[in-house]
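The following exercises invite the reader to work through a protein model with the sequence and coordinates at hand. Each task is followed by a solution in steps.

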Amino acid sequence: MNYTIQRFTLFLFLCLSVICLLAQTAYPVFADSLSASEQKAVNEYPNWVADACDGSAGLTTGTVDTSSGETTEPAQAVQQVVWSTLINGGIDPLHAAAVMGNIAHEGVWDPESVENIPGLPPRSEDPTAAGRYGYGLIGWTPGSSLLDQMKEAGISGKPYTAETQAAVILAEIQGKTPNYYPASLGQQFLNTKTIEDATTAYQGNQNVGGPYLGFERPADESGSLPDRIASAKQFLSEFGSGTVTPAPPTTTGGSVSCGCTSDTSGTDVSTTDSGLVGGTPAEKAFNYFLAKGISPAGAAGLVGNFMSESGGNTEQLQPGITNSIGAHGIAQWLGDRLTSLQQFASSHNEQEDDLATQLDFAWHELNSGYKSVLNQIKNASDPAAAADTVNTDYEVSGVDPSTRETNAKKLLSEYGGGADSSVATASNNGSCSSGTSPTPTDNCSVTAPVWGSVHGVGEEYTQQQLTQIFGDPGTASSHPQMDANLTTVDFLGNSVQVNKLVAPCLKAVADQLQSEHVDYKITEMGCYRFDSDNGSSNIGLLSYHTYGAACDINWDTNPWSGDGAELPHDMPQAYIQAFHDHGFTWGGDWVSVKDFMHFEFNGIKPPS
């Protein structure tokens, strides 16, 4: 009798095992009912299914540990897990790729790897088996340090799986394992602007005279760095394009996040020209330059050239077009200028072939190496003459300008003064007509600062401009107009007063941070204040705070640096990016002084 029961029990166990194995390699067989978020993930993202054994989500590719439902191999599946974990944790694609470029030359995508030392086993589920040698994806040394950081950051799971190790890597960057890596180290890494600097900062290069302490700190810091950078660029290209398998869903307030930007229309949001206004690409470009302060004739001359360069002399500008000699984009950039475009897009975490990105880059060029061209077309009244200037001195095409002149005349005739520029919206990047203040709206359509000391044209608003845009600040004892211009915003649970022109964009920042699940606790936040005498005779009326156009966050951990020194701070890169995306500049980007707590709204072009 007992023998029969034992045989039946063994048979049942084998059947269940086969069911689990089939579920992980073929079609999902759901043993448990799925939550709404899991069911949504199964329906919307076919590369993800609920694990048949315990109902949790897991990759259909790769070896899945049956006791944890987590991934150990192959390399491609591990890469997907790491990328999704970093992106879901608020790390932007540039810095996520820098991490992956380093991993490619550490644990070679094997979370059970042990450093290649003679006599040691090549794989192990036990990190302590590595002894004093490197273990896992980034070669934790000793292996037990992985276990220590899991405990410090409150991370559960199997240490030998990709999911757990990716979570620890994220925690290290976010400063959640201070016994091993200070928060300033992660911030230093996230503050880098190029893929080269980000990869170097994550590796560290103290031994070769560089400024980065780094997370990896290999003995030969210069030896593998070029290979790490090359790998990082490859991952940025591969995964940053939006083709990566999304991460398992998490539920917050009834909404589902799966590591991808939600877009129910099916549009590829990574290559849209969001924030531009107009029908054709040429009209959008024309309105863009109008908003920057270029005259209608000057804007027509500039875009008329783009029509010849990339539109076949039609208004269908093609940001993704490449000609027979390798010139690329709406202006057919080539050589060093093309490389500069690519670096510009990478440093701004934008897509190279996005129309808005290329217009931003053209504006960047006009304000730097081609300032003479900008000066000539800014107040131009003749579209043909403006087209000639652009053709000769900016495009340097060497071709007859007549077709470009015709294009410019057509644009000016067709669109005249372009979009209404009286209201701060995406159509004009916040410009306003001469002598008037922009009208408050319920939505923020500003996609980047158009003024400001770093990201704009290189200057802050004057006192006169602040008053023209945001209203009369009044006096220390009486400021009725400013009081009427203020409104209250709930910023992630913090109630603050800001100018009505700023409120929609501050709300948009909060919405973006919430959608990205950025884990950063705000203990102190203040925006509007009237302080006409805080140590300088006129600083109050020059302060954006006086107009409700600036906010300070966590001043105890994000200090003021009066001499421009880089002080320890914990402002997340995700906050800096979200504020920038909606028209704010960050005091931590200033040069002569630094104000790491401070964000100010520069999304409105001042009246001329």
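The exercises below concern a predicted model and move from the whole chain to single residues.

**Exercise 1. The chain as a whole**

Determine how many helices and strands the chain has, and what share of its residues is buried.

Solution. Step 1: assignment of secondary structure gives 21 helices and 14 strands. Step 2: of the 608 residues in the chain, 50% are buried. Step 3: among contacts with a separation of 6 or more, 59% are between residues 24 or more positions apart.

**Exercise 2. Helix α4**

Establish whether the residues of helix α4 (residues 93–103) are buried or exposed, and explain what follows for the helix.

Solution. Step 1: a residue counts as buried when its relative accessible area is under 20%. Step 2: the residues of α4 that meet this criterion are Leu 94, His 95, Ala 96, Ala 97, Ala 98, Val 99, Met 100, Gly 101, Asn 102 and Ile 103. Step 3: these are 10 of the 11 residues of α4, and the helix is therefore largely enclosed by the rest of the structure. Step 4: at the start of α4, the backbone nitrogen of Leu 94 has a side-chain oxygen of Asp 92 within 3.1 Å.

**Exercise 3. The nonpolar cores**

Identify the residues with the most contacts inside the largest nonpolar core, and state which elements supply at least two residues of this core.

Solution. Step 1: the largest nonpolar core has 47 residues, and Phe 470, Phe 491, Ile 553 and Tyr 575 have the most contacts inside it. Step 2: at least two residues each come from the helices α17 (463–470), α19 (503–515) and α21 (573–581), and from the strands β7 (486–491), β8 (494–499), β10 (550–553), β12 (584–586) and β14 (598–601). Step 3: α19 provides the largest share, 7 residues. Step 4: a second, separate core has 44 residues, including Val 82, Met 100, Ile 103 and Ile 138. Step 5: Met 100 and Ile 103 of this second core are also among the buried residues of α4.

Step 6 returns to Phe 470. Beyond its neighbours within four places in sequence, Phe 470 is in contact with Tyr 461, Met 482, Asn 485, Asn 499, Leu 501, Val 502, Tyr 547, Ala 549, Phe 601 and Ile 604.

**Exercise 4. A sheet of 4 strands**

Work out the order of the strands in the open sheet that contains β10, and find its edge strands.

Solution. Step 1: β9 and β10 pair in the antiparallel sense over 2 bridges, with Met 525 opposite Ile 553 in β10. Step 2: β10 and β14 are antiparallel and joined by 3 bridges, and Asp 552 stands opposite His 598 in β14. Step 3: β12 and β14 are likewise antiparallel, with 3 bridges. Step 4: the order is β9-β10-β14-β12. Step 5: β9 (525–526) and β12 each pair on one side only and are the edge strands. Step 6: in β10, Ala 550 and Asp 552 point one way while Cys 551 and Ile 553 point the other way, and all are buried.

**Exercise 5. Thr 585**

Describe the surroundings of Thr 585 in strand β12.

Solution. Step 1: the relative accessible area of Thr 585 is 2%, so Thr 585 is buried. Step 2: its bridge partner in β14 is Glu 600. Step 3: the side chains of Thr 585 and Asn 602 make a polar contact of 2.8 Å. Step 4: Pro 449 is 136 residues away along the chain, yet the C-alpha atoms of Thr 585 and Pro 449 are separated by 6.7 Å.

**Exercise 6. Aromatic rings**

Classify the pair formed by Phe 189 and Phe 215, and explain which parts of the chain it ties together.

Solution. Step 1: the structure holds 19 aromatic pairs. Step 2: the rings of Phe 189 and Phe 215 are 6.4 Å apart, centre to centre, with 85 degrees between the planes. Step 3: an angle over 60 degrees counts as edge-to-face, and the pair is classified accordingly. Step 4: Phe 189 belongs to helix α7 (residues 183–190) and Phe 215 to the loop between α8 (195–203) and α9 (225–243), so the pair ties together parts that are 26 residues apart in sequence. Step 5: Phe 189 and Phe 215 are both buried.

How values were computed: Residues are numbered from 1 along each chain as its sequence is written. This is a predicted model: local features need pLDDT of at least 70, side-chain atom pairs count only at pLDDT 80 or more; totals for chains, interfaces and linings use all residues. Side-chain values use heavy atoms; hydrogens and water are left out. Buried means under 20% relative accessible area, exposed over 50%, partly exposed in between (1.4 Å probe, protein chains only). A polar contact is a pair of N or O atoms within 3.5 Å; within protein, one must be able to donate a hydrogen and the other to accept it, and residues adjacent in sequence count only if both atoms are side-chain atoms. A nonpolar core is a set of buried Ala, Val, Leu, Ile, Met, Phe, Trp, Tyr and Cys residues joined through side-chain atoms within 4.5 Å. Contact means heavy atoms within 4.5 Å. Two strands pair if DSSP finds at least two bridges between them. Rings of Phe, Tyr and Trp (its six-membered ring) pair if their centres lie within 6.5 Å; planes under 30 degrees apart count as stacked, over 60 as edge-to-face and the rest as tilted.
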